[in-house]
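Q: I'd like a close look at a single spot in this protein, with enough of the surroundings to see where it sits. Here is the model I have in mind.

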Amino acid sequence: MPVNPELVGRAFPPTSPYLVGREKVREFARAVFADDPQHFDPEAARALGYADVVAPPTFAMVIQDQTLQQLLAEPDSGIELAHVLHAEQRFAYSRPIVAGDELTGRLTVSGIRALGGNAMVTSDAEIRDVHGEHVVTATSVLLVGGGES
């Protein structure tokens, strides 16, 4: 089944709140080789004006993944995980993610472009804090193969 063109404009409900933990930030920083002290040491982060350790910029993927799971679970999407390649990723931050943040994400499919027998699906996950303030918009482009082997 090809990617459903009616996905464009579809917005999904907000995800369950995700509480950003200090140890999760540290683990993520180690995994992506982000070695700046602000990612590990609360005092170093406080010296920079933050309440706690600061997550590396790509940490937003943790919350965005919850939103992408909603898209992949849509029975009418025409998207099969076995035929998906993550083609592009962008982040537009209002402020950094900090340990102690409680974040939710809301995904909107913003575009689908045919590419041969494949489709490029663009989605934007708007990530907000517990006060409803924008933290980051994470934009992904998924290359969805036609499924023919």
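Is serine 140 buried or exposed, and what is its relative accessible area? Please walk me through its surroundings too.

A: Serine 140 is buried: its relative accessible area is 0%, which is under the 20% cut-off for that label. Bear in mind that this is a predicted model, so every value here is computed from predicted atoms.

Let's start with the address. Serine 140 sits in strand S5, which covers residues 134-144 and runs antiparallel to strand S4, residues 118-129, with ten bridges joining the two. In that pairing, valine 121 stands opposite leucine 142 of S5. Valine 121 also turns up among the contacts of serine 140 once neighbours within four places in sequence are set aside, and the rest of that list is Gln64, Leu68, His86, Glu88, Gln89, Thr122 and Ser123.

Now zoom out to the sheet. It is open, has five antiparallel strands and follows the order S1-S3-S4-S5-S2, which puts S5 between S4 and S2. The edges belong to S1 (18-19) and S2 (84-93); each has a single partner strand, so one side of each is left without a neighbour in the sheet. Three of the contacts of serine 140, namely His86, Glu88 and Gln89, carry numbers that fall in the S2 range, 84-93.

Gln64 deserves a closer look. Its side chain and that of serine 140 are joined by a polar contact of 2.9 Å. Glutamine 64 is one of the buried residues of helix H3, along with Ala60, Ile63, Thr67, Leu68, Gln70 and Leu71. Leu68, from that set, is likewise in contact with serine 140.

So what is H3 doing there? This helix, residues 60-73, lies across S1, S2, S3, S4 and S5, at about 60 degrees to S3. The buried residues of H3 pack against those five strands. Its length checks out as well: at 1.5 Å a residue, the 14 residues should span 20 Å, and the end C-alpha atoms are 20 Å apart, which agrees.

Further along H3 comes glutamine 70. Leaving out neighbours within four places, glutamine 70 is in contact with Phe12, Pro13, Pro14 and Thr15. Take the proline 13 pair: the two residues are 57 apart in sequence, yet their C-alpha atoms are 8.8 Å apart in space.

What about the nonpolar packing? In soluble globular proteins, nonpolar side chains tend to be buried together. Here the largest nonpolar core has 15 residues, and Val20, Phe59, Ile97 and Leu103 have the most contacts inside it. Helix H1 (22-31), H3 and S5 each supply at least two of its residues. Apart from it lies another core, of 14 residues, among them Val3, Ala119, Ala138 and Leu142. Leucine 103, for its part, touches Ile63, Ile97, Ile127 and Val135, among others beyond its neighbours within four places.

Finally, the big picture. The protein has three helices and five strands, running β-α-α-α-β-β-β-β from the N terminus. Its C-alpha trace spans about 55 × 30 × 20 Å along the principal axes. Buried residues make up 40% of the 149 in the protein, and serine 140 is one of the buried ones. Of the contacts with a separation of 6 or more, 68% link residues 24 or more positions apart.

Note on methods: Residues are numbered from 1 along each chain as its sequence is written. This is a predicted model: local features need pLDDT of at least 70, side-chain atom pairs count only at pLDDT 80 or more; totals for chains, interfaces and linings use all residues. Side-chain values use heavy atoms; hydrogens and water are left out. Two strands pair if DSSP finds at least two bridges between them. Helices (H or I, at least four residues) and strands (E, at least two) are DSSP runs, numbered from the N terminus. Contact means heavy atoms within 4.5 Å. Axes are lines fitted to C-alpha atoms, for helices over the stretch in contact, and angles run from 0 to 180 degrees between N-to-C directions. A nonpolar core is a set of buried Ala, Val, Leu, Ile, Met, Phe, Trp, Tyr and Cys residues joined through side-chain atoms within 4.5 Å. Buried means under 20% relative accessible area, exposed over 50%, partly exposed in between (1.4 Å probe, protein chains only). The expected span of a helix is 1.5 Å times one less than its number of residues. A polar contact is a pair of N or O atoms within 3.5 Å; within protein, one must be able to donate a hydrogen and the other to accept it, and residues adjacent in sequence count only if both atoms are side-chain atoms.
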